[in-house]
Amino acid sequence: SSAGFANQNWFGFGNVGLSLQVPVFDGFRRKYQVQQGRIAQQTIERGFETLRQSIDLQDAQSRATLVNALDVLDNQKANLDLAADVSRVTRIKFNAGVGSNLEVITAETDLRGAQTNYYGAVYDVLVAKVDRDKATGELLKK
């Protein structure tokens, strides 16, 4: 029954199906998702940079405030020592009869003012030290 088809080989063919879905157009959704991801990453990076700058600024400010407070404390201590000497000398002069009561009262008033200023400077140093410890993270370690 190979008449008319001599020397021809017949092969069977089957169907193999393959389905491949490739979106031709996705409305730029993917592009915008990538852009949103980049924007979110940049926002986070800028947030970290802002935080770092803020910490650096707080560190520098707290250091400067503490140094200034210590300088003021030194000056107030010198003023206190001077006021104490003036008060002592004024009292000696008064007791020797060569000074007036008004000089003693004025020197004592100045001494009390110098003491108040000194204690205020001590307080400012303590506050500046706490702020410095807070800026450097040392406050939480104690």
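Helices here are DSSP runs of H or I with at least four residues, numbered from the N terminus. The structure is a predicted model, and Val67 has its place in helix H1.

**Two helices**

Helix H1 covers residues 29-96, and helix H2 covers residues 101-136. Their axes come within 7 Å and cross at roughly 160°, which makes H1 roughly antiparallel to H2, since angles over 145 degrees are counted that way. The crossing in which H1 passes H2 is left-handed.

Two pairs of C-alpha atoms give distances to set beside this arrangement. Val67 and Ala128 are 61 residues apart along the chain, and their C-alpha atoms are separated by 8.7 Å; Val67 itself is partly exposed, with a relative accessible area of 43%. Phe94, which also has its place in helix H1, is 10 residues from Val104 along the chain, with 7.2 Å between the two C-alpha atoms. Phe94 counts as partly exposed because its relative accessibility of 36% falls between the limits of 20% and 50%.

**Salt bridges**

A search of the whole structure finds 8 salt bridges, and the table lists some of them with the separation of their N and O atoms.

| Pair | N to O distance |
|---|---|
| Glu49 and Arg52 | 2.5 Å |
| Arg91 and Glu108 | 2.9 Å |
| Arg112 and Glu108 | 3.4 Å |

Arg91 forms its salt bridge with Glu108; Arg91 lies in helix H1 and Glu108 in helix H2, so this pair ties together parts that are 17 residues apart in sequence. Arg91 is partly exposed at 40% relative accessibility, whereas Glu108, with a relative accessible area of 19%, is buried because the value is under 20%. Glu108 also forms a salt bridge with Arg112, and these two residues, being 4 residues apart in helix H2, are separated by about one helical turn. Arg112 counts as partly exposed at 44% relative accessibility.

Salt bridges that share partners also join Glu49, Arg52 and Asp56 into one network. Within this network, Glu49 and Arg52 both lie in helix H1, 3 residues apart, or about one turn of the helix. Glu49 is partly exposed at 33% relative accessibility, and Arg52 is likewise partly exposed, with a relative accessible area of 41%.

**A nonpolar surface patch**

Ile44, Phe48, Leu51 and Ile55 form a nonpolar patch on the surface, and together they have about 410 Å² of accessible area. Phe48, one of these residues, has its place in helix H1 and counts as exposed because its relative accessibility of 57% is over 50%.

Note on methods
Residues are numbered from 1 along each chain as its sequence is written. This is a predicted model: local features need pLDDT of at least 70, side-chain atom pairs count only at pLDDT 80 or more; totals for chains, interfaces and linings use all residues. Side-chain values use heavy atoms; hydrogens and water are left out. Patches are made of residues with over 30% relative accessible area and no salt bridge: like charges are joined within 9 Å, nonpolar side chains (Val, Leu, Ile, Met, Phe, Trp, Tyr) within 5 Å. Accessible areas come from the Shrake-Rupley method with a 1.4 Å probe; for residues, only the protein chains shown count as cover. A salt bridge is a side-chain nitrogen of Lys or Arg within 4 Å of a carboxyl oxygen of Asp or Glu. Buried means under 20% relative accessible area, exposed over 50%, partly exposed in between (1.4 Å probe, protein chains only). Axes are lines fitted to C-alpha atoms, for helices over the stretch in contact, and angles run from 0 to 180 degrees between N-to-C directions. Angles under 35 degrees count as roughly parallel, over 145 as roughly antiparallel, 65 to 115 as roughly perpendicular and the rest as oblique. A crossing is left-handed if the near helix is turned anticlockwise from the far one by less than a right angle, and right-handed if clockwise.
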